[in-house]
Amino acid sequence: MDTDHGPRTTRKDNDADYVDPLDMLAALRKDNKTLACRLREVHGMVDEHRDIATASLIEDWIDETERRTWFLFKSSRRGDNTGH
């Protein structure tokens with residue numbers, strides 16, 4: 001049985017002495033977008049195999065990831081002089 005599912009990549013640690021908070025939020029947002037994309041790919045695969053239970057779990061994880069992505073986007077926006 002072939003178990004190789006392609007390259008495995010992970011986010012590398014940022015060992016800088018200082019990381020700008022907005023840069024950190026942007027990196028986290030990008031990582032969450034990547035995760036959502038990968039989860040959709042896996043969802044398609046389990047759909048093909050009619051694995052409804054796993055598909056349901058993955059749908060929950062996609063929803064959570066998309067909420068995090070939205071939150072990180074909103075958190076990284078700069079307000080105007082009035083604080084809005």
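**Two helices and what joins them**

Of the contacts in this protein between residues at least 6 apart in sequence, 59% join residues at least 24 apart. Keep in mind that we're looking at a predicted model. The fold itself is quick to list: two helices and zero strands. Helix H1 covers 21–48 and helix H2 covers 52–75. Across the 84 residues of the protein, buried ones make up 17%. The accessible surface adds up to about 7400 Å², and carbon and sulfur atoms account for 53% of that.

Let's start between the helices. Arg-50 sits in the loop between H1 and H2. Its backbone is worth a look: phi is positive, at about 55°, even though Arg-50 is not a glycine. Arg-50 is also exposed, with a relative accessible area of 74%.

Now for some cross-talk in sequence. Thr-69 belongs to helix H2. Leaving aside residues up to four places away in sequence, Thr-69 touches Arg-29, Asn-32 and Lys-33. Is Thr-69 buried or exposed? It's buried: the relative accessible area of Thr-69 is 12%, and the cut-off for buried is under 20%.

Next, charges. Side chains of opposite charge can pair when their charged atoms come close. How many salt bridges does the model have? The count comes to one. The partners are Glu-66 and Arg-40, whose closest N and O atoms are 2.0 Å apart. Glu-66 is in helix H2 and Arg-40 in helix H1, so this pair ties together parts that lie 26 residues apart in sequence. Neither partner is classed as buried: Glu-66 is partly exposed at a relative accessible area of 35%, and Arg-40 is partly exposed too, at 42%.

Finally, there's a surface feature with charges of one sign. Asp-47, Glu-48, Glu-59, Asp-60, Asp-63 and Glu-64 gather in a patch of negative charge on the surface. Which helix gives the most to the negative patch? That would be H2, with four residues. H1 takes part as well, since each of the two helices supplies at least two residues of the patch. Take Glu-64 as one member of the group. Glu-64 is placed in helix H2 and counts as partly exposed, at 36% relative accessibility. Patch members need over 30% relative accessible area and no salt bridge, so Glu-64, at 36%, clears the accessibility cut-off.

How values were computed
Residues are numbered from 1 along each chain as its sequence is written. This is a predicted model: local features need pLDDT of at least 70, side-chain atom pairs count only at pLDDT 80 or more; totals for chains, interfaces and linings use all residues. Side-chain values use heavy atoms; hydrogens and water are left out. Patches are made of residues with over 30% relative accessible area and no salt bridge: like charges are joined within 9 Å, nonpolar side chains (Val, Leu, Ile, Met, Phe, Trp, Tyr) within 5 Å. Accessible areas come from the Shrake-Rupley method with a 1.4 Å probe; for residues, only the protein chains shown count as cover. A salt bridge is a side-chain nitrogen of Lys or Arg within 4 Å of a carboxyl oxygen of Asp or Glu. Lys and Arg count as positive and Asp and Glu as negative; His and the chain ends are not counted. The place of a charge is taken as NZ of Lys, CZ of Arg, CG of Asp or CD of Glu. Buried means under 20% relative accessible area, exposed over 50%, partly exposed in between (1.4 Å probe, protein chains only). Contact means heavy atoms within 4.5 Å.
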